Amino acid sequence: MSHSPTGSGKTRILLADDHALVRRGVRLILDGEPDLQVVAEAGDGAEAIEMARAERPDLAVLDIAMPRLTGLQAARELSRVMPDLRILMLTMYDNEQYFFEALKAGASGFVLKSVADRDLVEACRAAMRDEPFLYPGAVTALIRNYLHRVRDGGDVPERAITEREEEILKLVAEGHSSKEIAGMLVISVKTVERHRANLLQKLGLRDRLELTRYAIRAGLIEP
């Protein structure tokens with residue numbers, strides 16, 4: 001079921017933080033926007049789960065460190081019982097471990113309280129578009145984590161296309177014929193044609209025009 005905000009056209013938000021002052025500040029930021037509305041508040045993780053079940057909000061904004069149940073524990077439970085609910089984590093700490101835990105718990109974004117006035121509204125909208133929201137430090141953490149995995153021989157997602165296919169894609173997109181490409185790469189025309197067919201199939205594209213558009217998007221050639 002697609003989860004659009006209710007008739008009012010506003011995204012209905014549950015806000016959970018154990019500091020009333022923080023809640024008030026965050027609520028001011030959110031309620032100040034035409035498309036966002038806080039419909040429920042909770043002071044701890046357990047209450048957050050109760051309120052989410054009662055109010056069926058579109059989005060839960062959960063503080064990570066709360067009494068009774070942490071925001072992470074609440075997020076895990078809510079992801080399980082309300083898979084349509086979008087979840088954002090609020091935190092005081094720029095802590096990589098929290099960040100990865102939050103993603104694992106089902107959160108789609110991570111906002112630092114210190115810059116909530118700048119980032120939170122954008123994060124809420126991104127969550128409702130089903131896009132992840134990462135603050136700059138989190139991006140750095142992700143890249144570092146990826147590089148560690150590569151260095152330690154961990155499994156890294158496979159490339160969609162091989163390096164040879166990428167070479168051929170670039171040359172096709174630049175308008176070279178199969179014969180010219182065969183000459184440049186010192187392979188047979190038949191091999192070029194096979195690579196070309198593989199590319200179209202792998203990338204779900206139909207013709208050279210679509211290949212060219214793909215190559216521009218992938219940064220292989222200038223538009």
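These are my notebook entries on a few features I looked up in this structure, which is a predicted model.

**Entry 1: the salt bridges**

I began with the charged side chains. Side chains of opposite charge can pair when their charged atoms come close. The count for the structure came to 20 salt bridges, and I picked out three pairs to follow in detail.

My first pair was R27 with E41, whose closest N and O atoms are 2.4 Å apart. I then checked where the two partners sit: R27 is in helix α1 (residues 20–31) and E41 is in strand β2 (residues 36–42), so I noted a link between distant parts of the chain, 14 residues apart. How accessible are they? R27 has 28% relative accessibility and counts as partly exposed. E41 is partly exposed too, with a relative accessible area of 25%. I also found that this pair belongs to a network of salt bridges, in which R23, R27, D31 and E41 are linked.

Next I turned to D63 and K113, whose side chains meet in a salt bridge at 3.3 Å, N to O. D63 belongs to strand β3 (residues 59–63), while K113 lies in the loop between β5 (109–112) and α5 (116–128); the two are 50 residues apart, and the pair links distant parts of the chain. I asked myself whether D63 is buried or exposed. At 4% relative accessibility, D63 counts as buried. K113 counts as buried as well, at 17%, because the cut-off for buried is under 20% relative accessible area.

The third pair I wrote down was D130 with R86, a salt bridge of 2.8 Å, N to O. D130 is in the loop between α5 and β6 (133–134) and R86 is in strand β4 (residues 86–91), so this pair ties together parts that are 44 residues apart in sequence. Here I got a split result on accessibility: D130 is exposed, with a relative accessible area of 58%, whereas R86 is buried, with 12%.

**Entry 2: a nonpolar patch on the surface**

After the charges, I looked for nonpolar side chains on the surface. I found a patch formed by L103, V139, L142, I143, Y146, L147 and V150, with about 550 Å² of accessible area together. Which element gives the largest share of the patch? I traced six residues to helix α6 (residues 136–151). One patch member I checked singly was I143, which lies in helix α6. I143 counts as partly exposed, at 45% relative accessibility.

**Entry 3: how two helix pairs pack**

I then moved to helix packing, starting with α7 (residues 163–173) and α8 (residues 178–185). Their axes are 10 Å apart and the helices pack at an angle of about 135°. I therefore put α7 and α8 down as oblique to each other, and their crossing as right-handed.

For the second pair I took α9 (residues 189–203) and α10 (residues 208–217). I noted an angle of about 70° for their packing, with 11 Å between the axes. That makes α9 roughly perpendicular to α10. The crossing in which α9 passes α10 is left-handed.

**Entry 4: single residues on these helices**

While I was at α7, I looked up E165, which lies in that helix. Is E165 buried or exposed? At 4% relative accessibility, I have E165 as buried. I also took the C-alpha to C-alpha separation of E165 and Y146: 24 Å in space, for 19 residues in sequence.

On helix α9 I picked K202. K202 counts as partly exposed, with 46% relative accessibility. From K202 to K179 the C-alpha atoms are separated by 22 Å, and the two residues are 23 apart along the chain.

**Entry 5: positive phi angles**

I finished with the backbone. Most residues other than glycine have a negative phi, so I kept a note of two arginines. Phi of R56 is near 45°, a positive value in a residue other than glycine, and I located R56 in the loop between α2 (45–55) and β3. R68 also has a positive phi, near 65°. I found R68 in the loop between β3 and α3 (71–81), and at 62% relative accessibility R68 counts as exposed.

Conventions: Residues numbered from 1 in each chain as written. Predicted model: local features only at pLDDT ≥ 70, side-chain atom pairs only at ≥ 80, totals over all residues. Heavy atoms only, no water. Patch = residues over 30% accessible without salt bridge, like charges linked within 9 Å, V, L, I, M, F, W, Y side chains within 5 Å. Areas by Shrake-Rupley, 256 points an atom, 1.4 Å probe, with all protein chains shown as cover. Salt bridge = Lys/Arg side-chain N within 4 Å of Asp/Glu carboxyl O. Helix = DSSP H or I, 4+ residues; strand = E, 2+ residues; numbered from the N terminus. Buried < 20%, exposed > 50% of the residue type's maximum accessible area, 1.4 Å probe, protein only. Axes fitted to C-alpha atoms, helices over the stretch in contact; angles between N-to-C directions. Parallel < 35°, antiparallel > 145°, perpendicular 65-115°, else oblique. Left-handed = near helix turned anticlockwise from the far one by under 90°.
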